[in-house]
Amino acid sequence: MSGFKGLYIHIPFCLHKCKYCDFISFCGQEELYDLYIDKLSEEALEFEGENIDTIFIGGGTPTVLSPAQLSKLFCSINKTFNISPECEFTVEANPKTLFAEKLSVLKEYGVNRISVGVQSFNDDELQKIGRIHTGKNAYNTIDMIKKCGFENISIDLMLSLPGQNEDSLFKTLDTAVRIDPSHISCYSLILEEGTKLYEEYTLGIYSEIDEDYDRYLYHFTVDFLKRHGYSRYEISNFSKPGRQCRHNMKYWNCDEYIGLGIAAHSYLGGCRTYNTSSLTQYLNGDFHSKDITILNGTDKIKEYIIMRLRLSEGINDNDFFARFGEKFSGLYSSIIEKLIRYGLMSQNKDNYFLTDKGIDISNSVMCEFL
Ligand code: SF4
């Protein structure tokens with residue numbers, strides 16, 4: 001491990017609540033933005049001087065902040081942390097919240113990766129999930145980002161949206177690859193209880209998500225993106241060569257990270273700590289919940305396996321030995337042998353990874369190691 005940590009900062013504000021969203025995010029609280037940034041800066045001081053080589057500002061919608069508020073936040077990060085010159089610095093953005101002036105501020109403070117929440121280029125699908133933008137808005141936003149000189153752009157897409165079929169997905173993917181981002185994330189819609197969309201499904205407005213069709217769309221996506229130069233490096237993430245998200249790789253590698261902001265968590269020195277999910281509490285300077293998870297040796301091994309099996313490269317026997325003093329192939333020989341026999345896991349020299357069949361039932365496969 002490098003000694004450099006990842007830094008995640010949560011901005012819990014949005015212009016409008018999407019129908020499928022169960023993230024911690026609030027709308028219509030513009031008057032709290034400045035105070036929230038002040039509190040983030042205060043919380044950051046707890047980690048003053050830490051070495052950071054990836055920053056990810058996520059949400060919510062970080063780009064709801066004004067240029068002045070973004071500057072204030074970035075100034076505070078720069079002052080508090082020791083940031084590597086090689087730092088990957090990502091900001092999540094949503095169409096309709098990003099303008100040239102904000103992009104100039106991002107550039108000025110060293111943001112070098114922008115992750116755009118597109119979800120689909122099909123207006124009917126976007127409207128059904130309550131996004132506030134059209135496909136054209138998303139396209140134009142990405143065009144503007146490119147014109148401002150950002151080369152490392154990621155776009156988020158979603159599968160199994162209401163009304164989505166192979167044809168509409170093809171058109172979305174086709175538009176996506178024409179835009180030529182360096183990275184594409186593709187997650188299946190999950191109906192979370194308590195969301196507007198969950199309610200609409202319960203009322204029968206949309207027919208139930210068919211798991212087999214979801215898998216079909218997923219494999220269609222994997223094939224399409226592969227043919228267009230994007231390799232799947234994680235179950236739901238695809239990139240051009242060398243453009244994997246370095247920040248998210250820290251999570252999948254079980255490396256250390258600091259999380260600032262409401263509902264963020266940190267993983268440092270084998271302990272996971274959690275911030276409060278209450279905005280009022282956070283704004284009162286009461287940042288942390290009392291919960292803490294101390295991972296013992298076995299917990300660390302299990303967590304590493306679960307996270308690494310999400311990656312296409314899987315688990316390397318030698319890396320595993322370097323971390324835990326035992327070989328993965330030795331410690332779990334009978335489970336590995338069974339999974340390989342069932343075609344759920346494969347081996348390439350010292351690496352063990354899930355097959356396509358294993359990915360389709362990844363939760364069950366991972367349970368084998370718990
Ligand atoms: S933009 Fe993202 S965080 Fe905000 S409501 Fe929509 S899905 Fe949730």
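## Close-up views of the predicted model

**View 1. Gly-6 has Tyr-257 of strand 11 as its bridge partner.** The model shown here and in the following views is predicted. The pair formed by Gly-6 and Tyr-257 belongs to the contact between strand 1 and strand 11 (residues 257-260), where the two strands run parallel and are joined by 4 bridges. Gly-6 also has a bridge partner in strand 4, namely Thr-54. Strands of a sheet are held to one another by backbone hydrogen bonds, in either a parallel or an antiparallel arrangement.

**View 2. Strand 1 is covered along residues 5-11.** Of the 7 residues of this strand, 7 are buried. Lys-5, Leu-7, Ile-9 and Ile-11 are directed to one side of strand 1, whereas Gly-6, Tyr-8 and His-10 are directed to the other. The residues on both sides are all buried, Lys-5 and His-10 included. In a regular strand, side chains point alternately to one face of the sheet and to the other.

**View 3. Strand 4 (residues 51-59) pairs with strand 1 in the parallel sense.** The two strands are connected by 7 bridges. Within this pairing, Ile-9 lies opposite Ile-57 of strand 4, and Gly-6 is partnered by Thr-54. Strand 4 also runs parallel to strand 5 (residues 82-93), with 6 bridges between them. In that pairing, Ile-52 is placed opposite Ile-83 of strand 5. Because 8 of its 9 residues are buried, strand 4 is largely enclosed by the rest of the structure.

**View 4. Leu-73 of helix 2 is buried.** Helix 2 spans residues 67-80. The relative accessibility of Leu-73 is 2%, so this residue counts as buried, the limit being under 20%. Leaving aside residues up to four places away in sequence, Leu-73 touches Ile-11, Ile-37, Leu-40, Ile-57 and Leu-65. Among these contacts, Ile-11 is one of the buried residues of strand 1, and Ile-57 is the residue of strand 4 that stands opposite Ile-9. The C-alpha atoms of Leu-73 and Asp-38 are 8.2 Å apart, although 35 residues separate the two in sequence.

**View 5. Strands 15, 17 and 16 form an open antiparallel sheet.** The 3 strands are arranged in the order 15-17-16. Strand 15 (315-316) and strand 16 (345-348) are the edge strands, and each has a single partner strand, so one side of each has no neighbour in the sheet. The antiparallel pairing of strand 16 with strand 17 (residues 351-354) extends over 4 bridges. In this pairing, Met-345 has Leu-354 of strand 17 as its bridge partner.

**View 6. The whole chain, for orientation, contains 16 helices and 17 strands.** Along the principal axes, the C-alpha atoms fill a box of roughly 60 × 50 × 40 Å. The radius of gyration is 21 Å, which agrees with the value near 21 Å expected for a compact globule because the chain has 370 residues. Of these residues, 52% are buried. When contacts between residues at least 6 apart in sequence are considered, 69% join residues at least 24 apart. The accessible surface is about 16,800 Å², and carbon and sulfur atoms account for 50% of this area. The chain carries 38 positive and 52 negative charges, and the mean positions of the two sets lie 4 Å apart.

Note on methods: Residues numbered from 1 in each chain as written. Predicted model: local features only at pLDDT ≥ 70, side-chain atom pairs only at ≥ 80, totals over all residues. Heavy atoms only, no water. Rg over C-alpha atoms; globule rule 2.2 N^0.38 Å. Buried < 20%, exposed > 50% of the residue type's maximum accessible area, 1.4 Å probe, protein only. Contact = heavy atoms within 4.5 Å. Areas by Shrake-Rupley, 256 points an atom, 1.4 Å probe, with all protein chains shown as cover. Lys, Arg positive; Asp, Glu negative; His and termini not counted. Charge placed at Lys NZ, Arg CZ, Asp CG, Glu CD. Pairing = 2+ DSSP bridges.
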